[in-house]
Amino acid sequence: MNMTDQAKLPIWFWIVGVVALLWNGIGVLAYFQQVMMSAEEFAALPVIQQNLMSTQPVWVTAAFAVAVFAGFVASISWLLKKRIAVRLFLVSLLAVIVQFSSYFIVDGYMEFASSQGWLMPGLILLFAVGLLLLSRQAEQKGLLR
């Protein structure tokens, strides 16, 4: 792609990039909020959430970290028009799937998820799939190099 082609990037490319960066930035903040929670903040959580967080396997937290950081770096890569964004969005999606599998594996997660609703997990999965598909499309159109 030459400089003339770069100047003709479709507006949707930039909109997707900015939305992805903001969305994944919120994910990074949520991750830090969880892992840096003070004792007072932890004590303010509902008891069921305290129990789940205190017994949460390390692989769930690790998957959360991989999902948000891979997504955030993928978003930056997208805005820099780098093909690595596709692979990073794939890593993020796979980590989201691993993270959410805990709802079906770890005792008590289904009840907690049911009481909290599935809106946010559904949105997270929808964004992860959507960003992967859009990045693959952008790569196929030659918008990512």
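In this predicted model, Gln50 sits in helix H4, which covers residues 47-54. Its relative accessible area is 18%, and because buried means under 20%, Gln50 counts as buried. Once neighbours within four places in sequence are set aside, Gln50 is in contact with Phe42, Ala43, Ala44 and Leu45.

A second buried polar side chain worth a look is that of Asn24, in helix H2 (residues 11-35). Asn24 has a relative accessibility of 8% and is therefore classed as buried, under the 20% cut-off. Not counting residues up to four places away in sequence, Asn24 touches Val68, Gly71, Phe72, Ser75, Phe89 and Leu131. One of these partners, Phe89, is itself among the buried residues of helix H6.

Helix H6 runs over residues 84-105. This helix has 22 residues and reaches 32 Å from its first C-alpha to its last, close to the 32 Å expected at 1.5 Å a residue. Its buried residues are Ala85, Val86, Leu88, Phe89, Ser92, Leu93, Ala95, Val96, Gln99, Phe100, Ser102 and Tyr103. As background for reading that list, an α-helix has 3.6 residues a turn, so residues three or four places apart point the same way. In H6, the buried residues include Phe89, Ser92, Val96, Gln99 and Tyr103.

Helix H6 also contributes to the surface. A nonpolar surface patch of about 720 Å² is formed by Val58, Trp59, Val98, Phe104, Ile105, Met110 and Trp118. Two elements, helix H5 (58-79) and helix H6 (84-105), each supply two or more residues to this patch. The greatest contribution comes from H6, with three residues. Val98, a patch member, lies in helix H6. With a relative accessible area of 40%, Val98 is partly exposed, because this value falls between the 20% limit for buried and the 50% limit for exposed.

The last feature concerns the backbone between two of these helices. Lys81 is found in the loop between H5 and H6. Most residues other than glycine have a negative phi. Lys81, by contrast, has a phi near 65°, a positive value in a residue other than glycine. This lysine is also buried, at 14% relative accessibility.

Notes: Residues are numbered from 1 along each chain as its sequence is written. This is a predicted model: local features need pLDDT of at least 70, side-chain atom pairs count only at pLDDT 80 or more; totals for chains, interfaces and linings use all residues. Side-chain values use heavy atoms; hydrogens and water are left out. Patches are made of residues with over 30% relative accessible area and no salt bridge: like charges are joined within 9 Å, nonpolar side chains (Val, Leu, Ile, Met, Phe, Trp, Tyr) within 5 Å. Accessible areas come from the Shrake-Rupley method with a 1.4 Å probe; for residues, only the protein chains shown count as cover. A salt bridge is a side-chain nitrogen of Lys or Arg within 4 Å of a carboxyl oxygen of Asp or Glu. Helices (H or I, at least four residues) and strands (E, at least two) are DSSP runs, numbered from the N terminus. Buried means under 20% relative accessible area, exposed over 50%, partly exposed in between (1.4 Å probe, protein chains only). The expected span of a helix is 1.5 Å times one less than its number of residues. Contact means heavy atoms within 4.5 Å.
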